[in-house]
Amino acid sequence: MGIYVNRGNDSFARARKSRIYVDKTGLIEYTNGVVDTEQCHICNSRPRRFGKSMTAGMLAAYYMKGCDSRELFEGLEIAGKPSFEEHLNQYDVIHLDMAYLLVQNKSAVDTVAFMQKCVIDELRVIYPGILTDEDQALPFALSKINDAAGARFVIIIDEWDAIFRECETDKQGQQEYVRLLRGLFKGEQSKDFVVLAYITGILPIKRYNSESALNNFREFTMLNPKGLSEYIGFTEEEVRSLCETYHMDFQETARWYDGYSFRKLKHVYNPNSVVNAMLDGEYDSYWSNTVSYGSLKEYICLNFEGLRDLVIQMFAGARCTVDINTFQNDMTSFKSRDDVLTALIHLGYLAYDADTREAYVPNEEVRAAFERAVRDTGWDPVVQAIRDSDSLLRATWNRDEDAVAEGIDKVHMGNTSILQYNNENALSCVITLAYYNAANEYTLIREMPSGKGYADIVFLPRRYSTKPALVVELKYDQSAESAVAQIKDRRYPEALREYQGNILLVGISYNKEDKKHECTIEEWDKG
């Protein structure tokens with residue numbers, strides 16, 4: 001067994017022995033279907049702590065010659081598939097971790113040369129007498145081995161984009177790396193020695209101008225993972241099963257770690273965070289603690305027109321349209337706010353709805369990361385709104401209408417350049433920011449179907465909370481009394497008929513002439 005070639009199945013064996021292992025071997029059925037075809041080049045990108053390395057280890061253990069992995073896959077999904085026996089332990093596997101290799105060297109150029117030397121040295125041992133000391137280019141070495149011994153390879157590259165992320169200004173090193181990848185994966189000769197290429201990282205393949213240097217790769221990303229959606233993170237069914245096993249509240253788990261949504265799978269959970277929550281028996285920002293929020297702060301402070309406004313609106317619960325097509329798939333070529341937002345989607349700080357082309361903050365865990373970043377940006381009005389939100393909640397519970405109106409005025413005036421009013425949707429952003437800390441007591445539901453229409457915002461108390469439910473109706477340039485009248489007339493509280501506690505009806509309006517808010521609060525008469 002080598003370090004880079006046919007390194008063994010220990011990595012996957014360790015995953016299988018873990019207290020929590022979620023079966024994702026169905027991915028192998030897909031890769032088996034493209035082995036030695038025109039579709040055999042796969043780039044599967046996703047954020048940190050979303051199982052990239054575990055997946056790479058699983059694929060290596062399955063395809064690798066020189067070890068018997070049959071027992072490791074017994075009882076798993078792939079073991080019941082027709083293709084299981086055909087490809088099990090049938091190929092030489094070159095398994096590289098570019099982030100690890102980059103640490104061993106001073107530059108990207110050195111890393112590319114070092115990696116080729118290490119792999120070729122191991123290939124000389126496995127296939128003696130074929131390579132000479134002059135063979136220093138890996139693509140040509142693999143071609144020679146294929147020609148002499150008929151060997152064919154599966155090439156797996158973990159953290160494939162590390163050179164672009166960690167060596168942002170080393171253009172020469174990046175170019176050397178791209179040339180190597182083109183030699184390995186493009187051209188007629190590479191078809192002879194590569195039966196499957198699987199590269200994984202945070203970023204999709206870098207674009208040069210409008211094209212990718214490796215345009216023969218089929219890409220699966222956080223923007224559109226296509227048929228591999230269920231292998232990006234945990235599915236709702238998988239999380240429900242874990243919650244039952246570990247006696248954790250599913251709704252609370254969803255609030256913290258759900259929120260990523262794809263066309264073919266509407267609920268995708270952060271796998272690392274779910275596993276840690278199950279093992280610890282408590283909810284925390286596990287993922288965001290492993291990723292420096294300094295990078296988030298850096299990106300959201302870039303001086304592109306309107307970016308700050310959009311960030312605050314999403315932080316307050318809104319969604320924003322984003323053009324994902326201009327991003328060059330690196331961290332240095334930002335030219336617009338859309339480029340920054342697209343990068344944040346790939347990093348996992350934002351989720352993306354491909355149907356509406358909107359970005360949004362996915363869950364409580366990421367929201368906490370945004371809060372820390374915002375607190376450290378000097379955006380004092382936003383920070384103050386967060387601090388004051390507890391007082392606003394108490395005023396609402398106490399039915400202190402003047403204090404509520406005054407509190408919302410303060411949030412709006414402090415952020416007037418960010419949260420400009422022109423309709424009730426803009427008003428909704430201000431209200432969400434003003435009631436930011438309500439997330440500790442409530443589940444916030446926007447546009448909740450109820451009675452004869454949709455309630456603008458419903459604050460539904462979390463389990464064991466003794467606080468009243470809040471049904472909020474917003475009016476732009478109308479009276480707060482008319483908002484409460486609409487709640488009653490359309491019987492919005494009937495959607496909460498299974499809720500046994502008190503319900504407060506909250507009407508909030510904004511007068512565009514005097515630029516003041518008005519509030520009316522009544523208790524719902526269930527009789």
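What share of the contacts in the protein chain with a separation of 6 or more comes from residues 24 or more positions apart? The value is 68%, and it belongs to a predicted model.

## The chain as a whole

Let's start with the overall picture. The protein chain has 527 residues, and 56% of them count as buried. Its secondary structure comprises 23 helices and 18 strands. Measured out along the principal axes, the C-alpha trace spans about 90 × 50 × 35 Å.

On the outside, the chain has an accessible surface of about 23,200 Å², with 44% of that belonging to carbon and sulfur atoms. As for charge, there are 60 positive and 80 negative charges, and their mean positions lie 1 Å apart.

## Two nonpolar cores

The largest nonpolar core holds 76 residues, and the members that touch the most others are Leu344, Tyr349, Leu350, Phe370 and Tyr435. Helix H20, covering residues 380-397, gives the most to this core, with seven residues. A second, separate core has 45 residues, among them Leu101, Leu102, Ala141 and Val194.

Leu350 is a handy place to look at the larger of these cores up close. Setting aside neighbours within four places in sequence, Leu350 is in contact with Tyr260, Met314, Leu341, Leu344, Ile345, Ala359, Tyr360, Val361, Pro362 and Phe370. Two of the names in that list, Leu344 and Phe370, also appear among the residues that touch the most other core members.

## A three-stranded sheet

Three strands make an open sheet in the order E8-E10-E9, with antiparallel pairing. E8 and strand E9 (260-262) are the edges, and each has a single partner strand, so one side of each lacks a neighbour in the sheet. E9 and strand E10 (residues 265-269) run antiparallel and are joined by two bridges. Within this pairing, Phe262 has Leu265 in E10 as its bridge partner.

Thr235 sits in strand E8, which covers residues 234-235. Is Thr235 buried or exposed? Its relative accessible area is 12%, and because buried means under 20%, Thr235 counts as buried. Not counting residues up to four places away in sequence, Thr235 touches Lys24, Glu230, Leu265, His267 and Tyr269.

## The hairpin of E17 and E18

Strands E17 (residues 503-511) and E18 (residues 516-523) run antiparallel and are joined by eight bridges. Ile508 stands opposite Cys519 in E18. The hairpin has four residues between its strands, and Lys515 takes a positive phi near 55 degrees there.

## Positive phi in two loops

Two further residues deserve a glance at their backbone angles. Asp36 is not a glycine, yet has a positive phi of about 60 degrees. Asp36 lies in the loop between helix H2 (26-34) and strand E1 (41-44), and is partly exposed with a relative accessible area of 42%.

Arg399 is likewise not a glycine and has a positive phi of about 60 degrees. Arg399 belongs to the loop between H20 and helix H21 (401-414). At 40% relative accessibility, Arg399 counts as partly exposed.

## A long reach across the model

Finally, which helix holds Ser482? Ser482 is in H23, which covers residues 480-489. With 25% relative accessibility, Ser482 is partly exposed. Ser482 and Pro82 are 400 residues apart in sequence, and their C-alpha atoms are 65 Å apart in space.

Conventions
Residues numbered from 1 in each chain as written. Predicted model: local features only at pLDDT ≥ 70, side-chain atom pairs only at ≥ 80, totals over all residues. Heavy atoms only, no water. Core = buried A, V, L, I, M, F, W, Y, C linked by side-chain atoms within 4.5 Å. Buried < 20%, exposed > 50% of the residue type's maximum accessible area, 1.4 Å probe, protein only. Contact = heavy atoms within 4.5 Å. Areas by Shrake-Rupley, 256 points an atom, 1.4 Å probe, with all protein chains shown as cover. Lys, Arg positive; Asp, Glu negative; His and termini not counted. Charge placed at Lys NZ, Arg CZ, Asp CG, Glu CD. Pairing = 2+ DSSP bridges.
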